[in-house]
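User: Hey, I've got this one open on my screen. Can we walk through it together?
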Amino acid sequence: MLSNLRRISRLLSLIILSLLASVAHAAWPDKPITLIVPYPPGGNTDILGRLLATHLGNSLKQTVVVENKPGAGSMLGSYQVVRAAPDGYTFLLGSIANVLNQYFYKNPSFDMNKDLVPVAQLVNVPNYLAVGPKEKLRTVPEIIAYAKANPDKWSCANTGIGTSTYLSCELLRSMAGIKMVNVPYKGGVAAMQDVMGGQANMVIANEALAYINDKRLIGVAVTSEHRSSLAPDLPPVSDTVPGFDVNSWYGVFAPVGVPQDIIDRVASEANSMLKAPAVLDRLKILGATPVGSSPKEFQTFVKSELTKWGRVTKEMNLKPE
């Protein structure tokens, strides 16, 4: 009899806890949400994160706080999200860097296949290759010719190890058969400032378009396979180096275990943001093309990127840091 009462008591306790969890879940979001941006303020990732935070805040009627957590090629901030409680109150504005880190570091702090949930892809952004206003070399053929004649005398500034811009420098060095210095920074703004100041010869960064448009930098090329509609005068690197093709992308990720209905809601709101005229105008300035996706579509895309860049970095014989 006592044993039966205990079983009934446990069952009632589980039912009550389940009901309480359902009530709490139904109230989501009932406190501020944190969006981790794993880069410093001022760059494309930060700007896109703040656009998303504003849109989500207005749609969900809740504060969305952007927390910049730069370091280790985006791994520091990303790992913070991996370790966060799966309650729907912490998200990551991730990028292709999250994929590349799996191959650029010997011991990445987490596994992209297991530790982050893709929510929605937001935009694609080609990287722009640019030089300072006083630089005499202004075409890809000129740069390659100089680097071949002067090994390790030409430097390529980028936004950090593990990023698509770092990969762009490495890929150019490998595919063009040149020796140049690959200089990683903690973000695009710092890299571009050093190129403008003459401390580095060229920069590859997706933030560079705005600097090119206002003449602070001289545009040389785009890293995408085809010309960008946002910078049609810039030829692709592939015109000189056939097969060269690197694009940046950004998207929202969540910790494993976040309830699916929350994942779906955030994805829906993110896709809605990409249709807002004011957002589209801002994306054009950033040189970004809106994409949008369902969680399943984004998951498929991320897996394809892991496969693609795993193969490319292996072919390049790239040594992890």
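User: Are the residues on the two faces of strand 6 buried or exposed?
Analyst: Both faces of strand 6 (residues 155-158) are covered, with S155 and A157 buried on one side and C156 and N158 buried on the other. Buried means under 20% relative accessible area, exposed over 50% and partly exposed in between, using a 1.4 Å probe and protein chains only. Strands (E, at least two residues) and helices (H or I, at least four) are DSSP runs, numbered from the N terminus.

User: Before we go on, what kind of model is this?
Analyst: This is a predicted model, where local features need pLDDT of at least 70 and side-chain atom pairs count only at pLDDT 80 or more, while totals for chains, interfaces and linings use all residues. Residues are numbered from 1 along each chain as its sequence is written, and side-chain values use heavy atoms, with hydrogens and water left out.

User: OK, back to the strand. How does strand 6 pair with strand 7?
Analyst: In the parallel sense, over four bridges, with strand 7 covering residues 181-184. Two strands pair if DSSP finds at least two bridges between them. V181 in strand 7 is the bridge partner of S155.

User: And how many bridges go to strand 8?
Analyst: Two, and strands 6 and 8 (residues 202-205 for the latter) run parallel. Here C156 sits opposite M202.

User: Which pLDDT does the chain average?
Analyst: The average is 90, and 92% of the residues score at least 70. pLDDT is the predictor's confidence in each residue, from 0 to 100.

User: Where does pLDDT stay under 50?
Analyst: Over residues 17-24, which have zero contacts beyond four places in sequence. Contact means heavy atoms within 4.5 Å. Where pLDDT is low, the predicted coordinates should not be read in detail.

User: Switching topic: how many aromatic pairs are there?
Analyst: Six in the whole structure. One of them is F104 with Y166, edge-to-face at 5.4 Å centre to centre and 70° between the planes. F104 lies in helix 4 and Y166 in helix 6, so the pair ties together parts that are 62 residues apart in sequence. Rings of Phe, Tyr and Trp (its six-membered ring) pair if their centres lie within 6.5 Å; planes under 30 degrees apart count as stacked, over 60 as edge-to-face and the rest as tilted.

User: Are F104 and Y166 buried or exposed?
Analyst: F104 counts as buried at 2% relative accessibility, and Y166 counts as buried at 8%.

User: Which rings link into a cluster?
Analyst: W249, F253, F298 and F301, through ring pairs. F253 and F298 are both buried.
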